[in-house]
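Student: I'd like a close look at one part of this protein, namely a charged contact and its surroundings. Could you take me through it slowly?

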Amino acid sequence: MTSQSTITLIPVTPCDQASSAQSGDASMRERSGDLRNYWYAAAQSIEVSAKKPLSVIIMETRIVLWRNAQQQAVALRDRCLHRNTFLSPGDITELGIKCPYHGWTFDDQGVCVNVPSEGENGKSYPNRKVQSFPTQEAYGLVWVWMGYGEPDASRPPFPMPHYQEEGWTTYYMKTHFNNGVTSLVENFMDVPHTVFVHKGWFRDRKKLRVESSVERTADSVLVTYHGQDSIGFTERVLNPKRLPMQHTDNFYMPNNTRVDYIYGDNERGFVISSTCTPINDFQSTVFTFICYKFGWANPLFRFFMPWYTRQVIQQDVEIMENQGKSLQEQGPDFKSTPADTLHLFIESLREHSQTEGKDAQGQPLPAPPAMTRSVTFWI
Ligand code: FES
Ligand SMILES: [Fe+2]
């Protein structure tokens with residue numbers, strides 16, 4: 001005969017509070033202020049299946065992803081309610097995800113639908129719930145809403161340009177970086193580093209004077225370059241007609257960059273977009289969406305481009321690891337020149353969001369004002 005347990009069950013502590021209490025520090029998600037109130041890319045759609053759970057970390061929060069019977073992506077805190085085992089090595093069953101330790105099973109809302117030890121066929125505990133996260137799929141990615149409330153409709157996932165657009169060849173690269181999101185988005189927008197970090201690969205130092213305008217809006221930093229810039233392989237091979245190149249580097253809050261090299265009137269182009277998902281303060285997962293339109297030459301570049309872009313990104317992985325280690329050991333103490341205007345603009349927007357527009361005493365601070373600066377530098 002099965003007897004009912006008489007042990008008084010301790011109420012389940014919300015996961016975030018529990019982890020903070022143990023570490024003594026707030027988790028990154030808690031410390032992120034308004035930065036958490038966005039959709040963050042968790043995985044490529046092709047990585048999330050109905051067969052095998054996938055474990056990811058976003059803002060120091062472990063999340064398990066899988067697809068339910070309707071093929072919708074599900075995201076739960078990767079932590080069993082029972083004895084806190086990771087759920088992600090468990091099996092996906094008809095009922096939901098089954099913990100590998102004692103078989104507690106949670107449905108796609110995180111509700112405990114079966115505890116096998118509590119009956120011949122187990123027993124459900126409808127009031128016990130693993131934290132679940134809103135998900136959506138867009139542009140070939142699964143996005144997770146990291147805010148505590150409902151998703152904000154005015155903040156959709158970052159739209160990847162030219163996705164499934166005719167004439168454009170596209171692919172993703174997923175890269176682990178040992179550096180934080182602010183450093184990474186600045187790196188992806190930064191032109192002066194390219195003649196050092198990517199020397200011979202992307203851009204060579206020609207002692208060229210570069211004119212640019214750098215605009216800060218409420219939620220973006222938009223850089224337009226004027227003049228004779230060129231990037232290595234495109235100029236020599238892909239722009240035979242020597243069409244003028246329009247180069248823009250844009251940052252969109254909180255973690256997205258888009259770099260466009262467009263030739264002529266959108267006749268040809270190469271666009272690199274990145275969305276950076278923070279794992280913690282010094283590690284990130286970056287989803288880079290590459291698209292190119294080289295006309296008849298597109299098929300010729302099918303194998304070259306993924307190889308080439310991987311080499312270039314690897315050079316950034318190395319310099320970002322260097323900077324990340326230094327920042328972690330020694331803390332930030334930056335000196336800037338006019339060429340760093342976009343860096344300062346990005347830092348101001350992200351910091352204002354993280355502090356929710358308040359100073360250390362909780363007093364409101366004005367938002368960084370919209371402005372445009374003309375910036376000249378040499379590469
Ligand atoms: S720890 Fe998950 S069922 Fe026991
Ligand atoms: Fe770079």
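What is the relative accessible area of Glu137?

Tutor: Happy to! Before the answer, a word on what you are looking at. This is a predicted model, in which local features need pLDDT of at least 70 and side-chain atom pairs count only at pLDDT 80 or more, while totals for chains, interfaces and linings use all residues. Residues are numbered from 1 along each chain as its sequence is written, chains are lettered from A and ligands numbered from 1 in the order in which they are written, and side-chain values use heavy atoms, with hydrogens and water left out.

Now to your residue. Glu137 has a relative accessible area of 36%, which makes it partly exposed (buried means under 20%, exposed over 50%, and partly exposed in between, with a 1.4 Å probe and protein chains only). Its partner sits in another class: Arg67 has 11% relative accessible area and is buried. Glu137 and Arg67 form a salt bridge, with the closest N and O atoms 2.7 Å apart (a side-chain nitrogen of Lys or Arg within 4 Å of a carboxyl oxygen of Asp or Glu). This contact ties together distant parts of the chain, since Glu137 is in strand 11 (residues 135–138) and Arg67 is in strand 3, 70 residues apart. Strands here are DSSP runs of E with at least two residues, helices are runs of H or I with at least four, and both are numbered from the N terminus.

Elsewhere, shared partners turn salt bridges into one network, made of Arg31, Glu60 and Asp281. A search of the whole structure gives 8 salt bridges. In the network, the side chains of Arg31 and Glu60 meet at 3.5 Å, N to O. Arg31 belongs to helix 2 (residues 28–31), whereas Glu60 lies in the loop between strand 2 (54–58) and strand 3 (61–67), and the two are 29 residues apart. Arg31 also bridges to Asp281, with a closest N and O separation of 3.2 Å. This pair, too, links distant parts of the chain: Asp281 is in the loop between strand 18 (268–280) and strand 19 (283–293), 250 residues from Arg31. Each member is partly exposed, with relative accessible areas of 31% for Arg31, 34% for Glu60 and 33% for Asp281.

Charged side chains also appear at the metal site. The iron ion (ligand 2) is coordinated by NE2 of His193, NE2 of His198 and two OD contacts from Asp316, at 2.1 to 2.3 Å. Donors are N, O and S atoms within 2.8 Å of the metal (3.2 Å for Na, K and Ca), and sites may look incomplete because water is not among the atoms. In sequence the donor residues follow the spacing H-x4-H-x117-D, and both His193 and His198 are buried. Angles among the 4 donor atoms run from 58 to 150°, so the site is irregular, because four donors count as tetrahedral if all angles lie between 85 and 135 degrees, four count as square planar and six as octahedral if opposite donors are over 155 degrees apart and all others between 65 and 115, and anything else is irregular.

Finally, a check on the cysteines. The structure holds 0 disulfides (a pair of cysteine sulfur atoms within 2.5 Å). Cys112 is too far for a bond because its closest cysteine sulfur, in Cys80, is 7.7 Å away. Cys112 is buried at 1% relative accessible area, and Cys291 is buried at 0%.
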